[in-house]
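Reader: I'm new to reading protein models. Could you walk me through this one?

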Amino acid sequence: MATIRKRYELKAKDRGQVETFGRIEMVNEATCAELYLYGDIVDDELTAAWFGGNYPQEIADFVAGLSPNQPLTIYFNSPGGDVFAGLAIYNVLKRHQGRKTGKVDGMAASIASVILMACDERVVNTGAQVMIHDPWTWATGNARQLREVADQLDEARDSILDVYMTATAEGVTREEIAALMEAETWMRGEKAAQWFVLTAVDAPAAAAAASDLFGNYKNLPDELKQSAREEATRKKRENDLLNDLYLYGTK
């Protein structure tokens with residue numbers, strides 16, 4: 001029987017109420033290991049503690065506990081997150097010598113789709129989605145500083161493209177993937193299989209976890225827009241409540 005080594009509920013602790021956004025569950029046994037990447041990708045333990053998410057050191061610690069050639073199945077339901085944290089997780093998983101199978105339960109969006117490419121086999125459940133896009137950020141500063149940020153984003157895009165090109169279907173060009181990234185492309189399994197080496201299977205998709213990131217995506221699928229609206233409404237109500245508490249001196 002498998003033994004669960006770690007299980008985390010991904011919660012936001014700085015809001016009006018504690019809310020679970022997803023989970024990361026790590027299971028390890030002699031013949032196989034399972035890793036659930038549910039929720040946002042964040043850069044460190046402190047961010048994960050306050051806002052929820054999966055971070056590189058946590059994944060590295062888990063992989064370090066595996067046997068060198070131990071097979072690993074990774075389940076995805078993540079809207080993405082921090083680019084460099086995601087690239088770090090990709091490289092941690094890529095170095096593991098055991099066969100890696102990635103299964104998209106709900107979504108592998110943004111940098112989570114990059115992590116998916118670390119797997120030797122990729123499977124997308126019916127209705128689940130893969131999303132690729134150009135990296136973005138917030139920036140302030142003068143013209144020179146903003147140009148430097150733009151250059152950094154170009155470098156990040158090229159790094160992501162390098163990863164995608166290791167897993168593209170036969171005949172797919174770098175220019176084609178770059179165009180899909182620029183357009184922010186959401187793909188169910190059948191469409192994703194036209195561009196990447198993966199398999200679409202007839203298995204039910206998991207419900208996509210709510211995320212603040214949804215508000216930043218320009219081509220969010222219709223089935224996720226309601227989740228995004230509900231998340232925005234919830235946050236507004238919480239902010240209004242907090243403002244009232246501050247106004248009346250109760251916080």
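Author: Sure, and let's start with a term: a residue is called buried when its relative accessible area is under 20%, exposed when that is over 50%, and partly exposed in between. Keep in mind that this is a predicted model.

Reader: Is methionine 187 buried or exposed?
Author: Methionine 187 sits in strand 8. Its relative accessibility is 0%, and the cut-off for buried is under 20%. So methionine 187 counts as buried.

Reader: Which residues does methionine 187 touch, leaving out those up to four places away in sequence?
Author: Let's begin with a residue some way along the chain: glycine 127 is 60 residues from methionine 187 in sequence, and their C-alpha atoms are 9.4 Å apart in space. For the contacts themselves, leave out residues up to four places away in sequence. What methionine 187 then touches is Ala128, Gln129, Val130, Ile132, Ala192, Trp195 and Phe196.

Reader: Zooming out, what percentage of the residues in the protein is buried?
Author: The protein has eight helices and nine strands. Its accessible surface comes to about 12900 Å², and carbon and sulfur atoms hold 50% of that. Out of 251 residues, the buried share is 45%.

Reader: What share of the contacts with a separation of 6 or more comes from residues 24 or more positions apart?
Author: Take the contacts in the protein whose partners have a separation of 6 or more. Then pick out those between residues 24 or more positions apart. Their share is 65%.

Reader: Which helix gives the most to the largest nonpolar core?
Author: The largest nonpolar core has 48 residues, and those with the most contacts inside it are Leu93, Tyr164, Ile177 and Phe196. One helix gives seven residues to this core, the most of any. That is helix 3, residues 83-95.

Reader: How many residues are in the other core?
Author: It lies apart from the largest one. Among its members are Ala109, Met131, Trp186 and Leu220. The number of residues in this core is five.

Reader: Back to leucine 93: what does it touch, not counting residues up to four places away in sequence?
Author: Leucine 93 is one of the residues with the most contacts inside the largest core. Skip anything up to four places away in sequence. What's left is Leu35, Ile59, Val63, Leu72, Ile74, Lys100, Ile115 and Ala118.

Reader: How do helix 2 and helix 3 lie, roughly parallel or roughly antiparallel?
Author: Two packed helices are described by the angle between their axes and the distance between the axes. Helix 2 (residues 56-64) and helix 3 pack at about 10°, with axes 9 Å apart. Angles under 35 degrees count as roughly parallel. So helix 2 and helix 3 are roughly parallel.

Reader: And which residues of helix 3 make the contact with helix 2?
Author: On the helix 2 side, the contact is made by Pro56, Ile59, Ala60 and Val63. On the helix 3 side, they are Ala85, Ala88, Ile89, Val92 and Leu93.

Reader: Is the crossing of helix 3 and helix 5 left-handed or right-handed?
Author: The axes of helix 3 and helix 5 come within 11 Å and cross at roughly 30°. That makes helix 3 roughly parallel to helix 5. Val83, Leu87 and Tyr90 of helix 3 meet Ala156, Ser159, Ile160 and Val163 of helix 5. The crossing is left-handed.

Reader: Are helix 5 and helix 6 oblique or parallel to each other?
Author: The axes of helix 5 (residues 143-164) and helix 6 (residues 174-183) come within 10 Å and cross at roughly 125°. Helix 5 passes helix 6 in a right-handed crossing. That angle lies outside the ranges for roughly parallel, antiparallel and perpendicular. Helix 5 and helix 6 are therefore oblique.

Reader: What is the phi of serine 110?
Author: Serine 110 sits in the loop between strand 5 (100-109) and helix 4 (111-116). With a relative accessible area of 10%, serine 110 is buried. Although serine 110 is not a glycine, its phi is positive, at about 60°.

Reader: Where is glutamate 184?
Author: Glutamate 184 is not a glycine either, yet has a positive phi of about 55°. At 6% relative accessibility, glutamate 184 counts as buried. Its place is the loop between helix 6 and strand 8 (185-188).

Note on methods. Residues numbered from 1 in each chain as written. Predicted model: local features only at pLDDT ≥ 70, side-chain atom pairs only at ≥ 80, totals over all residues. Heavy atoms only, no water. Core = buried A, V, L, I, M, F, W, Y, C linked by side-chain atoms within 4.5 Å. Buried < 20%, exposed > 50% of the residue type's maximum accessible area, 1.4 Å probe, protein only. Helix = DSSP H or I, 4+ residues; strand = E, 2+ residues; numbered from the N terminus. Contact = heavy atoms within 4.5 Å. Areas by Shrake-Rupley, 256 points an atom, 1.4 Å probe, with all protein chains shown as cover. Axes fitted to C-alpha atoms, helices over the stretch in contact; angles between N-to-C directions. Parallel < 35°, antiparallel > 145°, perpendicular 65-115°, else oblique. Left-handed = near helix turned anticlockwise from the far one by under 90°.
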